[in-house]
Amino acid sequence: MSDRVRVAVDAMGGDHAPGEIVKGAVDAVLTRTDIEVILVGMEDRVKEELSKYTYPQDQVRVVHASEVIATEEPPVMAIRKKKDSSIVVAMNLVKRKEADAFVSAGSSGAILVGGQLIIGRIKGIERPPLAPLIPTEKGVSLLIDCGANVDARSSHLVQFAKMGSIYMENVVKVKNPKVAIVNIGAEEEKGNALVKETFPLLKGCPDIHFIGSIEARDIPSGYADVIVCEAFVGNVILKLYEGIGSTFKRMLKKGLMSTAISKIGAVLVKPSVTQTLKAFDVSEYGGAPLLGLNGLVVKTHGSAKANEVKNSVIQCVAFKEQQINEKIKQNIIVEE
């Protein structure tokens, strides 16, 4: 089918590659008929994993790549020297329009560098940000940037807000998404130099629904739909979010199993607790798209297992169907 979304998946990237990556890819095509997965990696190892599953043969194919970029390698040097690595080969598929998107749990640095050097930025985009969806009391919010630009300028953050709004409105279907900038207080005069410089620019931007500052404690409540920050702050928020979620699950399980009475209660509340905890499982929302490139790049956690890989592949469908890149091009105005 020519209208299938073609997703190149780095089969060799991540802590659990290629096993969990291949399983996630297979789960994706078993879930959706409108996806074609291109598994990029060492052909013999990828095919060995594929042989464990039954799946529609016309929705999965393998492209050989003889090299792997390790997480500890210098990103720029690795991208330039390892031309036959799974990351470089897969990104070139996107560059040549032989794939619509790229998904990887591999080296974050190599993915960020490769995205800009190989696929390239949309004209007018100063810095592509990583933008994961994070669970909240009201659904999800987009955290932008969570790891790509630790020394961002105010103009970068304004573009992050615009791209984040486009993504939330078209992919997540949040009408007129509320945008807030991460700050240490709600008052406009608070914050560091970057926040103080960016706040009035966001306030005067007609393309977004800016609601002011957001403190970290208000993020889980869903106070804002798009949460704008530079990557250092965003990465701290994301990692703390994940850590608290994991700790809460362990403490809840320990508490429910502590006494005979609590064990009986656990049986009664298990269905509702399971559903609630699932909503706060970050793997349910796929990976973090690197917005502002000429093709879609999605970075999943290095520890990603099959479920996160599957959801990362599936999220590429909405990105293409809603023509996110085209809408970013239309809405990002390059100032002379």
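Modeller: A residue is called buried when its relative accessible area is under 20% and exposed when that area is over 50%, with partly exposed in between. The structure above is a predicted model, and Cys 146 is a convenient place to begin reading it, since with a relative accessible area of 6% Cys 146 counts as buried.

Colleague: How many disulfides does the structure hold?

Modeller: A disulfide is a covalent bond between the sulfur atoms of two cysteines. In this predicted model there are zero disulfides.

Colleague: Why is Cys 146 without such a bond?

Modeller: The closest cysteine sulfur to that of Cys 146 belongs to Cys 229 and lies 8.3 Å away, which is too far for a bond, given that the two sulfur atoms would have to be within 2.5 Å. For Cys 205 the closest cysteine sulfur is again in Cys 229, but at 17 Å, so that pair is too far for a bond as well. Cys 205 is also buried, because its relative accessible area is 10%.

Colleague: Turning to the surface, which residues make the nonpolar patch?

Modeller: Val 150, Phe 232 and Val 236 make a nonpolar surface patch of about 300 Å². Val 150 sits in the loop that runs between β6 (139–144) and α6 (154–170), and because its relative accessible area is 46%, Val 150 is classed as partly exposed.

Colleague: How should I read the helix that follows that loop, and is α6 mostly covered or mostly open?

Modeller: For a helix, the span can be compared with the one expected at 1.5 Å a residue, and α6, with 17 residues, reaches 25 Å from its first C-alpha to its last, close to the expected 24 Å. As for cover, 15 of the 17 residues of α6 are buried, so the helix is mostly covered.

Colleague: And the strands: in which sense do β1 and β2 pair?

Modeller: Strand β1 and strand β2 (residues 35–41) pair in the parallel sense, over six bridges, and within this pairing Arg 6 stands opposite Glu 36 in β2. Strand β1 (residues 5–10) has five of its six residues buried, so the rest of the structure largely encloses this strand.

Colleague: Finally, how does separation in sequence compare with separation in space for Ile 324 and Val 269?

Modeller: These two residues, Ile 324 and Val 269, are 55 residues apart in sequence and 41 Å apart in space, taken from C-alpha to C-alpha. Ile 324 belongs to helix α11 (residues 324–331), and with a relative accessible area of 0% Ile 324 is buried.

Definitions and conventions: Residues numbered from 1 in each chain as written. Predicted model: local features only at pLDDT ≥ 70, side-chain atom pairs only at ≥ 80, totals over all residues. Heavy atoms only, no water. Buried < 20%, exposed > 50% of the residue type's maximum accessible area, 1.4 Å probe, protein only. Patch = residues over 30% accessible without salt bridge, like charges linked within 9 Å, V, L, I, M, F, W, Y side chains within 5 Å. Areas by Shrake-Rupley, 256 points an atom, 1.4 Å probe, with all protein chains shown as cover. Salt bridge = Lys/Arg side-chain N within 4 Å of Asp/Glu carboxyl O. Helix = DSSP H or I, 4+ residues; strand = E, 2+ residues; numbered from the N terminus. Expected span 1.5 Å × (residues − 1). Pairing = 2+ DSSP bridges.
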